[in-house]
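Let's take a look at this chain together, piece by piece. Have the picture open while you read.

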Amino acid sequence: MKEKFDSKFVEETIILSHDYVNLLASGETISTVEWDVSVVSGTDASPNAMKSGAVSISGSKVSQKIIGGLVGVTYRQKAKATTSQGQILVLVADIDVVPIP
């Protein structure tokens, strides 16, 4: 499932979240999650440098603190969760980094 986050100013530090509530069975929980950042358009040799700290899990929601990025680049934020029932669920959303006007 792909979504679009609101744009991020280059100087902002923000928390991005994916919610698996509609994908989990009753009683199923998220055991682990991997968060990956890649470039959709533009150029950035180190897109994963946007991640700051570890990804957190709270119920059906996973969150990652995001910093920096390069102006004019669109980044894909991908969360790959493994559940207590062995499912591997992937959610992605794109975010644009924009200059402060």
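## A chain built from strands

A81 stands opposite L89, which sits in β8. That little pairing is a good way into the model, which is predicted.

Strand β7 covers residues 74-83 and has a partner in β8 and another in β4. Here are the two pairings next to each other:

| Pair | Residues of the partner of β7 | Sense | Bridges |
|---|---|---|---|
| β4 and β7 | β4: 30-41 | antiparallel | 10 bridges |
| β7 and β8 | β8: 88-98 | antiparallel | nine bridges |

On the β4 side, S38 has R76 of β7 as its bridge partner. On the other side, β7 and β8 form a hairpin with four residues between the strands, and G86 in that hairpin takes a positive phi near 85 degrees.

Now zoom out. What does the chain have in the way of helices and strands? There are zero helices and eight strands, so reading from the N terminus you get β-β-β-β-β-β-β-β. The radius of gyration is 14 Å, close to the 13 Å that the globule rule gives for 101 residues, so the chain is as compact as a globular protein of that length. Its C-alpha atoms fill a box of roughly 45 × 20 × 20 Å along the principal axes.

What about inside and outside? Buried residues make up 35% of the 101. The chain exposes about 5600 Å², and 50% of that comes from carbon and sulfur atoms. Among contacts with a separation of 6 or more, 69% join residues 24 or more positions apart. Last, the charges: 9 are positive and 11 negative, and their mean positions lie 3 Å apart.

How values were computed. Residues numbered from 1 in each chain as written. Predicted model: local features only at pLDDT ≥ 70, side-chain atom pairs only at ≥ 80, totals over all residues. Heavy atoms only, no water. Pairing = 2+ DSSP bridges. Helix = DSSP H or I, 4+ residues; strand = E, 2+ residues; numbered from the N terminus. Rg over C-alpha atoms; globule rule 2.2 N^0.38 Å. Buried < 20%, exposed > 50% of the residue type's maximum accessible area, 1.4 Å probe, protein only. Contact = heavy atoms within 4.5 Å. Areas by Shrake-Rupley, 256 points an atom, 1.4 Å probe, with all protein chains shown as cover. Lys, Arg positive; Asp, Glu negative; His and termini not counted. Charge placed at Lys NZ, Arg CZ, Asp CG, Glu CD.
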